[in-house]
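Dear colleague,

Please find below the structure that I am handing over to you. My notes on what was found in it follow.

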Amino acid sequence: MTVIFALIALALGIAAGLVVLLVGELRWEARNRLPKCTTCGEQHHRHAAR
Ligand SMILES: [Zn+2]
């Protein structure tokens, strides 16, 4: 029983870690895909750098 419990705990830990990584990556991607322009306030890529 102890082995099964350890395996379940390990699986839960791995699943939690994967979820955290997935959520973080999705947030990062969404932020990168829709950059909010600080010049005009719309969502698009940057204006030409000066
Ligand atoms: Zn702009």
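Along the sequence, the donor residues of the zinc ion follow the spacing C-x2-C-x3-H-x2-H. The model is a predicted one, in which local features need pLDDT of at least 70 and side-chain atom pairs count only at pLDDT 80 or more, while totals for chains, interfaces and linings use all residues. Residues are numbered from 1 along each chain as its sequence is written, and side-chain values use heavy atoms, with hydrogens and water left out.

The zinc site

Coordination of the zinc ion comes from Cys37 (SG), Cys40 (SG), His44 (NE2) and His47 (NE2), at 1.9 to 2.4 Å. Donors here are N, O and S atoms within 2.8 Å of the metal (3.2 Å for Na, K and Ca); water is not among the atoms, so sites may look incomplete. The site is tetrahedral, with angles of 92 to 134 degrees among the four donor atoms; four donors count as tetrahedral if all angles lie between 85 and 135 degrees. For reference, the ideal angle for four tetrahedral donors is 109.5 degrees.

Accessibility differs from donor to donor. Cys37 is buried because its relative accessible area is 9%, where buried means under 20%, exposed over 50% and partly exposed in between (1.4 Å probe, protein chains only). Cys40, at 41%, counts as partly exposed, and so does His44, at 26%. The count of disulfides is zero, a disulfide being a pair of cysteine sulfur atoms within 2.5 Å.

The segment after the helix

Pro35 lies in the segment after helix H1 (2–33); helices (H or I, at least four residues) are DSSP runs, numbered from the N terminus. Pro35 is partly exposed, with a relative accessible area of 22%. Its C-alpha is 7.6 Å from that of Arg46, and the two residues are 11 apart in sequence. Glu42 also belongs to the segment after H1, and Glu42 counts as exposed because its relative accessibility is 53%. Between the C-alpha atoms of Glu42 and Ala9, 33 residues apart along the chain, the separation is 46 Å.

Yours sincerely

Technical notes:
Four donors count as tetrahedral if all angles lie between 85 and 135 degrees; four count as square planar and six as octahedral if opposite donors are over 155 degrees apart and all others between 65 and 115; anything else is irregular. Helices (H or I, at least four residues) and strands (E, at least two) are DSSP runs, numbered from the N terminus.
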